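Colleague: Before I plan anything around this protein, I would like to go through its fold with you, one question at a time.

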Amino acid sequence: RYIARMTDRPIVPVILSGGAGSRLWPASRSRTPKQLLPLVDDRTMLLTTVQRTDPLPSAATPVVVCNESQRPGIQRELAKIGRTDAPLILEPVGRNTAPAVAAAALLLTAGGDDPILFVMPADHVIRNEEPFARAVALAADHAEGGLLLTFGIDPVAPETGYGYIRFGAEL
């Protein structure tokens with residue numbers, strides 16, 4: 001049972017699907033990074049992520065940010081689930097999260113729309129999807145009021161490659 005949102009402002013999933021394909025070498029390569037591999041079940045990580053957004057309240061068609069070399073694989077995967085309508089933003093050069101999100105925001109607001117962007121990587125494993133969807137609905141309602149929200153997990157060890165989240169006041 002998913003929580004109902006207070007407004008109908010669309011949530012646009014922005015799926016970050018770039019990367020060099022080097023973390024799981026030799027299984028992953030530049031054209032087939034980990035998000036294009038079936039690591040958890042018979043679906044690729046990308047398909048799992050896209051399908052995770054389907055039951056979200058007010059979810060719009062996702063936008064996928066990737067690089068040109070990964071475009072054919074991503075289009076092939078999206079076609080498997082009938083999501084050929086998902087726009088792709090092709091990065092000429094990977095420059096991490098901020099430029100990818102900025103490009104998506106520019107595309108999605110160019111016509112005067114003001115959707116709520118739900119930015120997520122294409123390679124996360126989320127096993128409890130119902131509580132996740134409830135958390136997204138709640139976060140979207142707070143984002144409606146102008147807040148920027150981040151989901152994270154409690155770290156088990158220091159890792160400078162990911163950064164850290166400083167908690168604000170409880171909402």
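Modeller: A residue is called buried when its relative accessible area is under 20%, exposed when it is over 50%, and partly exposed in between, with a 1.4 Å probe and protein chains only. This is a predicted model, in which local features need pLDDT of at least 70 and side-chain atom pairs count only at pLDDT 80 or more, while totals for chains, interfaces and linings use all residues. Residues are numbered from 1 along each chain as its sequence is written, and side-chain values use heavy atoms, with hydrogens and water left out.

Colleague: What share of the 171 residues in the protein is buried?

Modeller: The cut-off just given, under 20% relative accessible area, decides which residues are counted. Of the 171 residues in the protein, the buried ones make up 33%.

Colleague: In what pattern do the helices and strands follow along the sequence?

Modeller: Helices (H or I, at least four residues) and strands (E, at least two) are DSSP runs, numbered from the N terminus. The protein has four helices and four strands, and read along the sequence they give the pattern β-α-β-α-β-α-β-α.

Colleague: In which order do the four strands lie in the open sheet?

Modeller: Two strands count as paired if DSSP finds at least two bridges between them. The pairing in this open sheet is parallel, and strand S3 (88–91) and strand S4 (116–121) are the edge strands, each pairing on one side only. Strand S2 (residues 63–67) pairs with S3 over four bridges, and the order of the sheet is S3-S2-S1-S4.

Colleague: Which residue in S3 is the bridge partner of Val65?

Modeller: S2 and S3 pair in the parallel sense. The bridge that Val65 makes to S3 is with Ile89.

Colleague: At about what angle to S1 does helix H3 run?

Modeller: Axes are lines fitted to C-alpha atoms, for helices over the stretch in contact (heavy atoms within 4.5 Å), and angles run from 0 to 180 degrees between N-to-C directions. Helix H3 (residues 97–109) lies across strand S1 (11–16), S2, S3 and S4, and its angle to S1 is about 145 degrees.

Colleague: Is Ser17 buried or exposed?

Modeller: Ser17 lies in the loop between S1 and helix H1 (45–53). Leaving aside neighbours within four places in sequence, its contacts include Gln35, Leu46, Val65 and Ala122. Because its relative accessibility is 1%, Ser17 counts as buried.
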